[in-house]
Amino acid sequence: MKQDNMHETFDVERIRSDFPILSTKMNGKPLVYLDNAATSQKPNQVIESISNYYRTYNANIHRGIYAIAVEATDAYVDSKVKLAKLVNAKGMEEIIYTRNTTEAINIVALGWGGANIKQGDHILITQMEHHSNLVPWMLLARRNGAVLDYVKLDESKSMLDMQSLEEQLENEPKIVAVTHVSNVLGTINDVKHITRKAHDHGAVVLVDGAQSAPHMQVDVQDIGCDFFTLSSHKMLGPTGIGALYGKFDILDKMDPVLSGGDMIKSVTFSDVTWNDLPWKFEAGTPDIAGGIGFGAAIDYLNGIGMKSIRDHEKKITKYALEKLSGIKHLKTYGLGKEDLERRGGVISFSIDKVHPHDVSQVFDSEGIAIRAGHHCAMPLVEEILGESAVSRISFYLYNKESEVDRAAQAVELVKKTFKVG
Ligand SMILES: Cc1ncc(COP(=O)(O)O)c(C=O)c1O
């Protein structure tokens with residue numbers, strides 16, 4: 001996949017200057033934003049593209065034949081073409097815009113699952129899924145009388161157990177749904193291998209790319225998966241828009257999930273025919289501004305280069321793991337710094353006897369935004385890690401080592417405040 005690279009070297013200060021929020025303060029201290037797994041910040045280019053649409057060519061798409069309606073339609077479609085290229089789909093027909101990853105997975109569970117999952121069928125997911133890739137399958141299983149199975153984690157509690165995958169595949173699941181990168185552990189799963197194994201057993205495969213698409217080169221054809229899902233707001237784009245990639249032949253056979261305007265080719269008083277892909281799945285006026293903003297975010301990511309972004313995150317994650325591993329009474333979860341090839345820039349941690357909400361509050365008072373809780377992965381955090389909650393820092397292209405230093409200082413402040421050690 002070709003990547004343009006406008007920056008000869010990765011210039012983090014130059015990148016930061018594009019993000020207005022990064023020069024603001026929180027609680028009187030320069031903001032350190034380390035909650036990128038929850039949502040990313042937005043560069044001026046994205047903010048301006050949305051404002052420019054509303055200021056100069058706001059019109060509904062696909063309908064008008066006047067100039068600004070054509071301009072809006074072109075910009076929205078163009079965004080899909082860009083996303084198709086970014087993830088190496090065969091074309092924009094395979095890219096359905098949704099509100100977010102959650103909605104994309106629900107479309108598969110309701111649309112594909114509703115038609116294909118029958119009483120007694122098996123659905124296979126893993127123990128490290130976000131609720132978005134767990135609850136829709138649990139509901140589908142309950143509704144259709146299917147069985148929901150899980151691939152276990154191995155002894156490291158960081159990786160999927162490939163023996164468990166093999167065993168579960170013996171049940172011949174109809175679908176295997178797996179996260180590409182865990183939002184709690186940071187583990188990068190070998191989704192290409194999992195897809196091949198699942199296909200060998202006749203299963204359809206969905207990969208949840210919410211935490212991978214923003215941070216690394218994704219090639220859906222190389223992975224071979226049937227569905228891939230992502231959220232714009234985690235990859236520099238606006239909230240309210242995400243995407244479902246699906247192989248053309250599968251999407252073509254699926255019935256739409258939502259219906260109404262725009263998704264039809266023709267309607268009579270007694271019948272209806274569906275619009276072409278991808279529009280068959282986008283009922284009603286879509287998030288036009290969101291789509292346009294997402295297109296600008298993809299331009300920005302391409303300008304830096306996904307490989308450079310991944311390399312930068314690997315470096316900062318290594319630095320952070322080294323720094324944190326030297327702190328007594330602090331435990332990190334997930335793979336260590338020697339496993340950076342299999343690990344993204346998400347580091348969950350806990351400090352002896354201090355509740356993660358207290359940790360987060362001290363960080364907040366220092367101007368540092370981190371996340372504390374179960375991270376929408378309650379079964380993983382509670383039943384596998386044995387914690388009620390954990391703290392989490394997560395990086396993106398604009399984070400720098402001095403911000404890790406400030407986080408480490410905040411940890412010392414937590415320990416002092418709560419008399420740890
Ligand atoms: C792995 C994973 N999957 C799914 C989601 C859901 O994304 P969204 O809330 O944008 O639908 C998240 C969000 O944090 C995630 O980390």
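In this predicted model, helix 2 and helix 3 run roughly antiparallel to each other, because the angle between them is about 160° and angles over 145 degrees count as roughly antiparallel. Helix 2 covers residues 44-57 and helix 3 covers residues 67-86, and their axes are 10 Å apart. The two helices cross in the left-handed sense. From helix 2, the contact draws on Y53, T56 and Y57, which meet I68, E71, A72 and A75 of helix 3. By class, this contact consists of 5 nonpolar residues, 1 polar residue and 1 charged residue.

A second helix pair can be described in the same terms. Helix 6 packs with helix 7 (residues 191-200) at an angle of about 25°, and their axes lie 10 Å apart. Helix 6 and helix 7 are therefore roughly parallel to each other, since angles under 35 degrees count as roughly parallel. The crossing of helix 6 and helix 7 is right-handed. On the helix 6 side stand M162, L165, E166 and L169, and these residues meet H193, I194, K197 and A198 of helix 7. The residues of this contact comprise 5 nonpolar, 1 polar and 2 charged.

Helix 6 (residues 162-169) also takes part in packing against strands: it lies across strand 5, strand 6 and strand 7, and runs at about 155° to strand 6. These three strands belong to an open sheet of 7 strands, in which the order is 4-10-9-8-7-5-6 and the pairing is mixed. At the edges of this sheet are strand 4 (95-98) and strand 6 (147-151), each of which pairs on one side only. On average, neighbouring strands in the sheet are turned by 20° against each other, with direction ignored. Within the sheet, strand 5 (residues 122-126) is paired with strand 7 (residues 175-179) through 2 bridges, in the parallel sense. One residue pair to look for here is I123 with its bridge partner I175 in strand 7.

The model also holds an open sheet of 4 strands, with antiparallel pairing and the order 13-14-17-16. Strand 13 (330-332) and strand 16 (371-373) are at the edges and have a single partner strand each, so one side of each is left without a neighbour in the sheet. Neighbouring strands here are turned against each other by 30° on average, direction ignored. Strand 13 and strand 14 (residues 346-351) run antiparallel and are joined by 3 bridges. Across this pairing, T332 is found opposite F349 of strand 14. This sheet, too, has a helix packed on it: helix 12 (residues 356-365) touches strand 14, strand 16 and strand 17 (390-394). The direction of helix 12 makes about 165° with that of strand 16.

Turning to the chain as a whole, the domain assignment divides the protein into domain 1, formed by 12-42 + 306-414, and domain 2, formed by 48-302. The C-alpha centres of domain 1 and domain 2 are 27 Å apart. To the contact between them, domain 1 gives 38 residues and domain 2 gives 31 residues.

Key: Residues are numbered from 1 along each chain as its sequence is written. This is a predicted model: local features need pLDDT of at least 70, side-chain atom pairs count only at pLDDT 80 or more; totals for chains, interfaces and linings use all residues. Side-chain values use heavy atoms; hydrogens and water are left out. Two strands pair if DSSP finds at least two bridges between them. Axes are lines fitted to C-alpha atoms, for helices over the stretch in contact, and angles run from 0 to 180 degrees between N-to-C directions. Contact means heavy atoms within 4.5 Å. Angles under 35 degrees count as roughly parallel, over 145 as roughly antiparallel, 65 to 115 as roughly perpendicular and the rest as oblique. A crossing is left-handed if the near helix is turned anticlockwise from the far one by less than a right angle, and right-handed if clockwise. Ala, Val, Leu, Ile, Met, Phe, Trp, Tyr, Cys and Pro count as nonpolar, Asp, Glu, Lys and Arg as charged, and the others, Gly among them, as polar. Domain bounds come from an automatic or database domain assignment.
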